[in-house]
Amino acid sequence: MCDHFSAREALLLLTPEQMGRADRAAMEAGISGSLLMENAGTAVAMRAQEICPHGGHVLVLAGPGNNGGDGLVAARLLAERGYRVRLALLGSREKLSGDAAIAASRWQGGLEKLSAGIDLSADLIVDALFGAGLGRPIEGEVAALVEAVNACQRPVLAVDLPSGIDGRTGCVRGAAFKAAKTVTFFREKPGHILLPGRLHCGEIHVADIGIPDAVLPDLSLKLWRNHPGLWHDVLPVPDVEGHKYARGHTVVVSGPAHATGAARLAARAALRAGAGLVSMAAEEDAIPALAAHLTAVMIKKVDGAQGLAGLLSDARLNAVVIGPGAGVGQATCERVAACLQSEAAVVLDADAVTSFKDQPARLFDAIEARSAPVFMTPHEGEFSRLFPDLAEHADKVEKTRKAAERAGAVVLLKGADTVVAAPDGRAAISARDAPWLATAGTGDVLAGMIAGLAAQRMPAFDAACAAVWMHADAARRFGPGLISEDLPEMLPAVWSQLAAERCAD
Ligand SMILES: NC(=O)C1=CN([C@@H]2O[C@H](COP(=O)(O)OP(=O)(O)OC[C@H]3O[C@@H](n4cnc5c(N)ncnc54)[C@H](O)[C@@H]3O)[C@@H](O)[C@H]2O)[C@@H](O)CC1
Ligand SMILES: [K+]
């Protein structure tokens, strides 16, 4: 088994501001800024050599700060190794300061003035304009150069971040390079994973530049890349002596007779996620439709919100999903309230979230009054209905965190860069490219998977992260032509791989 702590540590993400603190802590520990820059430039040169044939032509675009300093170091090393290097600097050499000025003093080649019209004919363009210090949108001459580089079809190697990408939010500020590769230092930044930043980075390499891991605890970091290393060790694994009751009992609340499909998807997903038992709570009129389709899933007849509350008073039913196919309105609010009165973990999806758009405080108060976990799985539209004041926030991590804190729930803000946040501030960003997930019913499957994992008593934040990752992995395995019904059927393969990796650790 791998060291759980170190696997999680490797997945930590640092904002540019936190990276600056890590940098200063490393210097206080005796590692000079100049050495960090030399190591950063060395890592950039190494990646450049992978892209560019030996002796090839490299154009380095250097900015006025330390990102430019890294570019100056890489330029020197590549020239020493036989490459033809041209260097274009934004601003004047005299204005460089600190470590960047030292790097410039060691550069023996010529300096071109950076402009939109510079000759771009090179085998590789190194983007060392701006990194963590991007302080405003890229405009004017520099923006025109970025567009010209993006249009010229030559490979770009970005230093730290593609210039123009905000390292904290992943937003494009003005204009941004489209890189083939990005070399970053110490740890990834949120902007490498959040969209659209991720689409500008190409392949990401994280280089060790000598900052010791010992600086991490003082930074109190709470943001990770969502990857199995984050939750592997708490993934439920059935033991040989275990029976189905030990693996929990998930209840899915069905929609009315004409809308039972979404709940059936969630129920199937809960089973495949490993819940020992799954039951469908249904009103009488929905039962014929459900009975015609369900096999391993049991049907429990309930009568209104009160009937649901009665069913859920059995503490063995320890996870419940409500929302898929539920319909928007007061009846759903009453059923949600019944769920929240129970001691089960509650997953609020789709209509269960939207039904509270005019009375979010009622929902948050009911959540505050309970101790078992609550999950909410909004996409951007549902999020804006429940948290209208947060919806326009440019920082997806921050807005999900604020929503989680306000609601007292684990919030999953869905998208191709799904952010999971817990009320205590922990958050994780997913970077799974699975475009086939954009099809009807996949959200119902995700809700069921979360409840299936929660029923097995996986800690709430980890269960949400694992469900998001496994859901995307299932989609990626199936590939083109995916429909939501396929997702639960891919989960055995996802589980097998996770189990094999666990054994190999
Ligand atoms: N923090 C660390 O641990 C390390 C940082 N290093 C490098 O240092 C970089 C950060 O350096 P800095 O803080 O100097 O910041 P940057 O070099 O990213 O940029 C700051 C400079 O760019 C200017 N600027 C910002 N936005 C602009 C815009 N839109 N248009 C025109 N000018 C703009 C600023 O006025 C300032 O002069 C990192 O990205 C990384 O490449 C490395 O040298 C190694 C160690
Ligand atoms: K850059």
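Three exercises with worked solutions follow, on the sheet, one helix residue and the ligand shell.

The model is predicted, so local features need pLDDT of at least 70 and side-chain atom pairs count only at pLDDT 80 or more, while totals for chains, interfaces and linings use all residues. Residues are numbered from 1 along each chain as its sequence is written, and chains are lettered from A and ligands numbered from 1 in the order in which they are written.

**Exercise 1.** Work out which strands are the edge strands of the sheet.

Solution. Take strands (E, at least two residues) and helices (H or I, at least four) as DSSP runs, numbered from the N terminus, and let two strands pair if DSSP finds at least two bridges between them. The open sheet then has 7 strands, in the order β3-β2-β1-β4-β5-β6-β7, with parallel pairing. The edge strands are β3 (112–113) and β7 (203–207), each of which pairs on one side only. Between β2 (residues 84–89) and β3 there are 2 bridges, and L89 stands opposite K113 in β3.

**Exercise 2.** Decide whether A79 is buried, exposed or partly exposed.

Solution. A79 is found in helix α4. Counting C-beta atoms placed from the backbone, a residue is buried with 20 or more others within 10 Å, exposed with 12 or fewer, and partly exposed in between. A79 has 19 and is therefore partly exposed.

**Exercise 3.** Find which helix gives the most to the shell around ligand 1.

Solution. α2 (16–28), α3 (33–51) and α4 each supply at least two residues of this shell, and α4 gives the most, with 5 residues.
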